[in-house]
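Subject: Structure for your review

Hello,

Below is the structure I said I would pass on. My notes on helix packing and the nonpolar core follow it.

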Amino acid sequence: MEDIETLKHLVDYGVISLLVVMCFIAIFFFIERVIFYKRVKVDSFKTKKALDVALTKHLTIIGTIASNSPYIGLLGTVLAIMLTFMTMGAGDIDASKIMESLALALKATAVGLVVAIVSMVFYNILSRSAEVLESEYEATEV
């Protein structure tokens, strides 16, 4: 029984820790891109493709975090619920303990959704900024 409880905490907090790390990565790349966009000189690029490559660097990582963090949170929830059912199957049917385990399990989904929302906002802001800078490049080309 103690092994199931240890496994439950490992699954839940391991997933939440992974999501927190993903959030820090998204924040780091967002700040890095904002600084880059403020300093970039579009007329220093020879081709629009070279500018596009420079502007979209790391956007894929932020987009990947935004699209996958809900699934990682959901995975944590599913695993924690499975462990709750295993606990119930072992004969420990205390209702308050079951509700506490289910609430803890849903926390993983909530954290995954928060990370996804924040990362998607970052991605959209950076994508729009890249589009504006590319438009400035095209305007100087003419």
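Helix 2 and helix 4 run roughly antiparallel to each other. The model is a predicted one, and that applies to everything in these notes.

Helix 2 with helix 4

The angle behind that description is about 160°, and the cut-off for roughly antiparallel is over 145 degrees. Helix 2 covers residues 48-55 and helix 4 covers residues 95-141, and their axes are 10 Å apart. The crossing of helix 2 and helix 4 is right-handed. On the helix 2 side, the residues that meet helix 4 are Lys48, Leu51, Asp52 and Leu55. Their counterparts in helix 4 are Ala130, Leu133, Glu134, Tyr137 and Glu138. Sorted by class, this contact of helix 2 with helix 4 comprises five nonpolar and four charged residues, with no polar ones.

Helix 3 with helix 4

Helix 3 and helix 4 have axes that come within 7 Å and cross at roughly 175°. That makes helix 3 roughly antiparallel to helix 4 as well. The contact of helix 3 with helix 4 has 21 nonpolar and eleven polar residues, and no charged residues.

One residue of helix 3 to look at is Pro70. Is Pro70 buried or exposed? Neither label fits: its relative accessible area is 23%, so Pro70 counts as partly exposed, given that buried means under 20% and exposed over 50%. Apart from neighbours within four places in sequence, Pro70 is in contact with Gly112, Leu113 and Ala116. Pro70 and Leu113 are 43 residues apart in sequence, yet their C-alpha atoms are 5.2 Å apart in space.

The nonpolar core

The largest nonpolar core has 25 residues. Which of them touch the most other members? They are Leu19, Tyr37, Phe45, Leu51, Leu55, Leu126 and Leu133. Helix 1 (2-39), helix 2, helix 3 (59-89) and helix 4 each supply at least two residues of this core. The largest share, eight residues, comes from helix 1. Leu51 and Leu55 of helix 2, and Leu133 of helix 4, also appear in the contact between those two helices.

For Leu19, I also listed the contacts, again leaving aside neighbours within four places in sequence. They are Ser69, Ile72, Gly73, Ala108, Val111, Gly112 and Val115. Gly112 is thus in contact with both Leu19 and Pro70.

Regards

Notes
Residues are numbered from 1 along each chain as its sequence is written. This is a predicted model: local features need pLDDT of at least 70, side-chain atom pairs count only at pLDDT 80 or more; totals for chains, interfaces and linings use all residues. Side-chain values use heavy atoms; hydrogens and water are left out. Axes are lines fitted to C-alpha atoms, for helices over the stretch in contact, and angles run from 0 to 180 degrees between N-to-C directions. Helices (H or I, at least four residues) and strands (E, at least two) are DSSP runs, numbered from the N terminus. Angles under 35 degrees count as roughly parallel, over 145 as roughly antiparallel, 65 to 115 as roughly perpendicular and the rest as oblique. A crossing is left-handed if the near helix is turned anticlockwise from the far one by less than a right angle, and right-handed if clockwise. Contact means heavy atoms within 4.5 Å. Ala, Val, Leu, Ile, Met, Phe, Trp, Tyr, Cys and Pro count as nonpolar, Asp, Glu, Lys and Arg as charged, and the others, Gly among them, as polar. A nonpolar core is a set of buried Ala, Val, Leu, Ile, Met, Phe, Trp, Tyr and Cys residues joined through side-chain atoms within 4.5 Å. Buried means under 20% relative accessible area, exposed over 50%, partly exposed in between (1.4 Å probe, protein chains only).
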